[in-house]
Amino acid sequence: GCYWGLYNLRERPDSGFAASYFKIDKNDWDGLNTGSPINASGEPGRASRASGAWNTLVSRCQAVDNAGSRSARHAAYQDVMGLNPDGTNNPGRECYLDVDNYIDYLIANQYVSNADWPHRNWYSGRHNHSDSEGFKFFMWDGEMCMLLSQNPPDARSTKVTDNRVGSGGGVATPFQHLRDSEAFRIRYADRAHSLLFNGGLLYVDPADPNWDREHPERNRPAALFQPIVDEIFSPMIGESARWGDQHRSLPYTVGAEWRSERNNVYNNWFPQRSAIYLQQLKSANLYPATIAPSFNQHGGAIAAGFQLLMTSGPGDSQAGTIYYTTDGVDPLQINNNGTFSVSPSAQSYNRGGSGLPLNSSITVMARTLNGQDWSALNVADFVVGTLPDESSLVISEFSYHPQGPTAGELGAGFNDQDDFEYI
């Protein structure tokens, strides 16, 4: 046969995809590819329904942008999700946006600096049902990123300092309207914090940011990148042999150009990008100036009586009060009018004390409040005892001494009781 190179297999997020993953009728999926309805060929009503759903989402987000007061902004923001201002479900208004999914999707594209987005290369879809979770978004065709350059360079060439946070139009249209909502902005900060700090998927140790295979915990995005490029290293040799001379007579090779580009990403993207992106979020008012609390141990296994220490800023220098909860409720309460206040179940942390004793498995949520400025949320799950790992898995034999076969089983040919043993 003829070798055609290395393929990137992926699922198309269409109605069949939605039916499989979300367990819905595929005919109830309103899917869009760069704004155009999909899976609706020959069904003008279905195509109109999908476009109408997107237009409804954009219209509700515009209402956030156009609101004349904080209270009105908050009501409009909650309405995007089919909620009343107090956060309860509004049965008369369907949900049109999965906010957390959308924020995570935006963060992914902004972090990699996707230069061929948001005006195109996007998939989205919504379950057309009264209990819909709203539009969900899926990464698609995002190779124009992370220092990829055109030859000659053009607008799609990317640099580590690129800022895509301000990109509007296309799939980012709802985002640019929602940015006016205080509740949306703090939620954006919370999602970003979970990714950029405490070993999150985009965490990079500021004291030692360079990629080191012996210490993958210091650069989490590079650690995610590493097994992928290692896996395709050998297949890329065949790719180079098949396609390396497509654009020039001297072939591009793995040993020269590919390895150089890989190392460029390792050395010049991953060590710097997370800190640069965080600063971009701060400049866009999507991440607060007030520093979130940090813990002397960020979750995991502890002994009963462990003393949890909380600090905020280098040397605990951040002014303000640390508020925490242990009941699963955010220390920040968003009121019906969109203002923020301290949750009734939150407690202030004694920064001069010996810490918070933890005697049982628990989730701790904490924020710093400095004046009127709330920090992002820091969340950690603590487990008293030992966390399970691969050594904890034991395959045991169940029904090791089953009863003898019944008459029906004997008639079916199962005449050995050992047939009924299983692990």
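Helix 1 is followed by K23, whose phi is positive, near 55°. Helices (H or I, at least four residues) and strands (E, at least two) are DSSP runs, numbered from the N terminus. The structure is a predicted model, in which local features need pLDDT of at least 70, side-chain atom pairs count only at pLDDT 80 or more, and totals for chains, interfaces and linings use all residues. Residues are numbered from 1 along each chain as its sequence is written, and side-chain values use heavy atoms, with hydrogens and water left out.

**Helix 1**

At the start of helix 1, a side-chain oxygen of D14 comes to within 3.2 Å of the backbone nitrogen of G16. In this helix, which spans residues 15–22, the residues S15, F17 and A18 are buried, that is, under 20% relative accessible area with a 1.4 Å probe and protein chains only; exposed means over 50%, and partly exposed lies in between. These buried residues cover an arc of only 155° around the axis, which puts them on the same side of helix 1; the arc is that of the directions from the helix axis to the C-beta atoms. Among the elements that cover them are strand 1, helix 2 (44–66) and strand 4 (136–138), where contact means heavy atoms within 4.5 Å.

**Backbone features in loops**

Two residues other than glycine with positive phi are listed below.

| Residue | Phi | Loop | Relative accessible area |
|---|---|---|---|
| T34 | near 50° | between strand 1 (29–33) and strand 2 (36–37) | 29%, partly exposed |
| N198 | about 55° | between helix 6 (182–196) and helix 7 | 36%, partly exposed |

Another loop, between helix 4 (99–112) and strand 3 (123–127), holds P118. The peptide bond that leads from W117 to P118 is cis, with omega near 10°.

**Helices 7 and 8**

Two packed helices are described by the angle between their axes and the distance between the axes. For helix 7 (residues 220–243) and helix 8 (residues 254–268), the axes come within 11 Å and cross at roughly 170°. Axes are lines fitted to C-alpha atoms, for helices over the stretch in contact, and angles run from 0 to 180 degrees between N-to-C directions. Helix 7 and helix 8 are therefore roughly antiparallel to each other, a term for angles over 145 degrees.

Helix 7 contributes residues including F225, V229, I232, F233 and M236 to this contact, and helix 8 contributes residues including V254, W258, R259 and R262. By class, the contact has eleven nonpolar, two polar and two charged residues. Ala, Val, Leu, Ile, Met, Phe, Trp, Tyr, Cys and Pro count as nonpolar, Asp, Glu, Lys and Arg as charged, and the others, Gly among them, as polar.

Conventions. Parallel < 35°, antiparallel > 145°, perpendicular 65-115°, else oblique. Polar contact = N/O pair within 3.5 Å; in protein donor to acceptor, adjacent residues only side chain to side chain.
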